[in-house]
Amino acid sequence: MIFVIEYDRSAGRLVKMQTFSNSQRSIALKVRLAREIALQRLRKRHEVVVLEAASEEDLRATHRRYFEDVGSLTRAAG
């Protein structure tokens, strides 16, 4: 599965996540680019990434920072 994630670093929160099948990789890349351009016009400094994982559960395990708040991550690391 392919995931396009928009993340607001300053707020530490996930803004949007879209899911695509592996065969839709080119569409996902176009969506990411369009979102980056729109955010640039709005002068928002969000991070937009394209990630691949077998499932959303796997993605949440490998890229926890996009889904958990700073307090949760800090407690997990300690």
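**A buried aspartate and a three-stranded sheet**

Aspartate 8 is buried yet forms no salt bridge. The nearest side chain of opposite charge belongs to arginine 13, which is 4.4 Å away. A salt bridge requires a side-chain nitrogen of Lys or Arg within 4 Å of a carboxyl oxygen of Asp or Glu. The structure is a predicted model. Aspartate 8 lies in strand E1. Leaving aside residues up to four places away in sequence, aspartate 8 touches Arg13, Val15 and His46.

The protein contains three helices and three strands. Read from the N terminus, the elements follow the order β-β-α-β-α-α. The chain has 78 residues, of which 24% count as buried. About 5400 Å² of the protein is exposed. Carbon and sulfur atoms supply 49% of that area. Among contacts with a separation of 6 or more, 50% come from residues 24 or more positions apart.

The three strands form an open sheet. Their order is E2-E1-E3, and the pairing is antiparallel. Strand E2 (13–20) and strand E3 (47–52) stand at the edges. Each has a single partner strand, so one side of each is left without a neighbour in the sheet. From one strand to the next, the twist averages 20 degrees. Helix H1, residues 25–42, packs on this sheet. The helix touches E1, E2 and E3. Its direction makes about 170 degrees with that of E3.

Strand E1 spans residues 2–8. With E3, strand E1 pairs in the antiparallel sense over six bridges. Within this pairing, isoleucine 5 has valine 49 of E3 as its bridge partner. With E2, strand E1 also pairs in the antiparallel sense, over seven bridges. Here the bridge partner of phenylalanine 3 is threonine 19 in E2. E1 and E2 form a hairpin with four residues between the strands. In that hairpin, glycine 12 takes a positive phi near 65 degrees.

A positive phi is also found at arginine 43, with a value of about 60 degrees, although this residue is not a glycine. Most residues other than glycine have a negative phi. Arginine 43 is placed in the loop between H1 and E3. This arginine is exposed, and its relative accessible area is 76%.

Valine 31 illustrates the packing of the helix on the sheet. This residue is located in helix H1. Valine 31 is partly exposed, with a relative accessible area of 24%. The label follows because buried means under 20% and exposed means over 50%. Not counting residues up to four places away in sequence, valine 31 touches Val4, Gln18 and Phe20. Val4 falls within strand E1, residues 2–8. Gln18 and Phe20 fall within strand E2 (13–20). Valine 31 and valine 50 are 19 residues apart along the chain. Their C-alpha atoms are separated by 9.5 Å.

Notes: Residues numbered from 1 in each chain as written. Predicted model: local features only at pLDDT ≥ 70, side-chain atom pairs only at ≥ 80, totals over all residues. Heavy atoms only, no water. Pairing = 2+ DSSP bridges. Helix = DSSP H or I, 4+ residues; strand = E, 2+ residues; numbered from the N terminus. Axes fitted to C-alpha atoms, helices over the stretch in contact; angles between N-to-C directions. Contact = heavy atoms within 4.5 Å. Buried < 20%, exposed > 50% of the residue type's maximum accessible area, 1.4 Å probe, protein only. Areas by Shrake-Rupley, 256 points an atom, 1.4 Å probe, with all protein chains shown as cover. Lys, Arg positive; Asp, Glu negative; His and termini not counted.
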